[in-house]
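The following exercises concern charged side chains and internal spaces. Each task is followed by a solution that goes step by step.

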Amino acid sequence: MPRLAAASSPCGPCSPCGPCSPCNPCAGACNPCGPCAPCNPCAAACAPCSPCGPCSPCEPCNPCAAACAPCNPCGPCNPCAAANPCNPCNPCAANPCGPCGPCNPCNPCAAGEAIELTADEARDAYACISATLTEGYAKSGNQWAAVYRNWRNVAAQPYVSDTHGARYVNNYANDIGADNYSLFEEAGPSPVGTVLAKDSFVVKPNGMIGAGPLFLMEKMEAGFDAESGDWRYTLIMPNGRTIGTTGGKGAKTVVFCAECHLDEETDSRFFLDEEYRVQ
């Protein structure tokens, strides 16, 4: 392959820090040829978890990236994710701040600064992406992921939730919990069997709409898990991959969600601002 052969050339586009490479983001740096130079942006190429490696799939202009595709650390929950816990572009990276932690810049919940939309624009955006969301979530096999859109949505419009990565979200509640949940601050404890669902999406600066995760809370019998307030939290990615569920696979990844929500007075529920509530 001509592109890979060029890696042997000091000016080849595949060289880690080739000073002549037109697509090398390190070209023209303090020391463009020294991949380990302390003042060179490519210095991280020597680190074991670096996304700047000579054939890094994370390098957008690296023509060698395809050669590493099978273990692409930028992929959503790829098999190599566990081997790359410190790769900053791996959304499934193990992070001490948790999958929704504000200090994890690439966690599956974080979307960065939200693009401000009017109420009508938010509804139109949701109408555009909603079928994609439900189709993707349903691939998880989760019993609620395929049916939550039939539940009551207590949000009059999609709104930005800072506690869910500054994404636009909706608030759905199943038949068991809808009447209680729609009382908001006046609601008592949720009935056992209540399931709350927040689907999410982002609007990018170029106007494109992107799918976000599905956040689920299911009220379990007393004694299920005191640390979660007897709620089962589940986080599902847009491609149907279940990141974690309380008491099940990947339970540690949703501990942050439980800790963030835990509040005896509200039975671990966040209530949306009044301006976004269905009247």
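**Exercise 1: A pair within a helix**

Arginine 123 is partly exposed, with a relative accessible area of 35% (buried means under 20%, exposed over 50%, partly exposed in between, with a 1.4 Å probe and protein chains only). The model is predicted: local features need pLDDT of at least 70, and side-chain atom pairs count only at pLDDT 80 or more, whereas totals for chains, interfaces and linings use all residues. Residues are numbered from 1 along each chain as its sequence is written, and side-chain values use heavy atoms, with hydrogens and water left out.

Task: identify the salt bridge of arginine 123 and place both residues.

Solution.
1. Apply the criterion: a salt bridge is a side-chain nitrogen of Lys or Arg within 4 Å of a carboxyl oxygen of Asp or Glu.
2. The partner is aspartate 120, at 2.9 Å from N to O.
3. Both residues belong to helix α2 (residues 119-138), three residues apart, about one turn of the helix. Helices (H or I, at least four residues) and strands (E, at least two) are DSSP runs, numbered from the N terminus.

**Exercise 2: Pairs that link distant parts of the chain**

Task: determine which residues pair with arginine 232 and lysine 219, and state the burial of each residue.

Solution.
1. Arginine 232 forms a salt bridge with glutamate 218, their closest N and O atoms lying 2.8 Å apart.
2. This pair links distant parts of the chain, with arginine 232 in strand β9 and glutamate 218 in strand β8, 14 residues apart.
3. Arginine 232 is partly exposed at 25% relative accessible area, while glutamate 218 is buried at 13%.
4. Lysine 219 forms a salt bridge with aspartate 267, at 2.9 Å between the closest N and O atoms.
5. Here too distant parts of the chain are linked: lysine 219 is in strand β8 and aspartate 267 in the segment after α4, 48 residues apart.
6. Lysine 219 counts as buried at 10% relative accessibility, and aspartate 267 is buried, also with a value of 10%.
7. The total count comes to five salt bridges.

**Exercise 3: A buried aspartate**

Task: establish which side chains make polar contacts with aspartate 199.

Solution.
1. Aspartate 199 is found in the loop between β5 and β6 (200-203).
2. It is buried yet has no salt bridge; arginine 149, the nearest side chain of opposite charge, is 5.0 Å away. Lys and Arg count as positive and Asp and Glu as negative; His and the chain ends are not counted.
3. A polar contact is a pair of N or O atoms within 3.5 Å; within protein, one must be able to donate a hydrogen and the other to accept it, and residues adjacent in sequence count only if both atoms are side-chain atoms.
4. The side chain of aspartate 199 makes such a contact with that of tyrosine 126 at 2.5 Å, and another with that of asparagine 170 at 3.2 Å.

**Exercise 4: The lining of the cavity**

Task: state which element gives the most to the lining of the largest cavity.

Solution.
1. A cavity is a set of points on a 1 Å grid over the protein atoms alone where a 1.4 Å probe fits but cannot get out; lining residues have an atom within 4 Å of a point.
2. The largest cavity has a volume of about 220 Å³, a volume being the space filled by probe spheres set on the points, which are joined across faces, edges and corners.
3. Of its 21 lining residues, the closest to the centre are His164, Phe215, Met217, Tyr233 and His261.
4. α4 gives the most, with four residues.

Definitions and conventions:
On a 1 Å grid over the protein atoms alone, a cavity is a set of points where a 1.4 Å probe fits but cannot get out, and a pocket is an open set with protein on both sides within 12 Å along at least five of seven lines; lining residues have an atom within 4 Å of a point.
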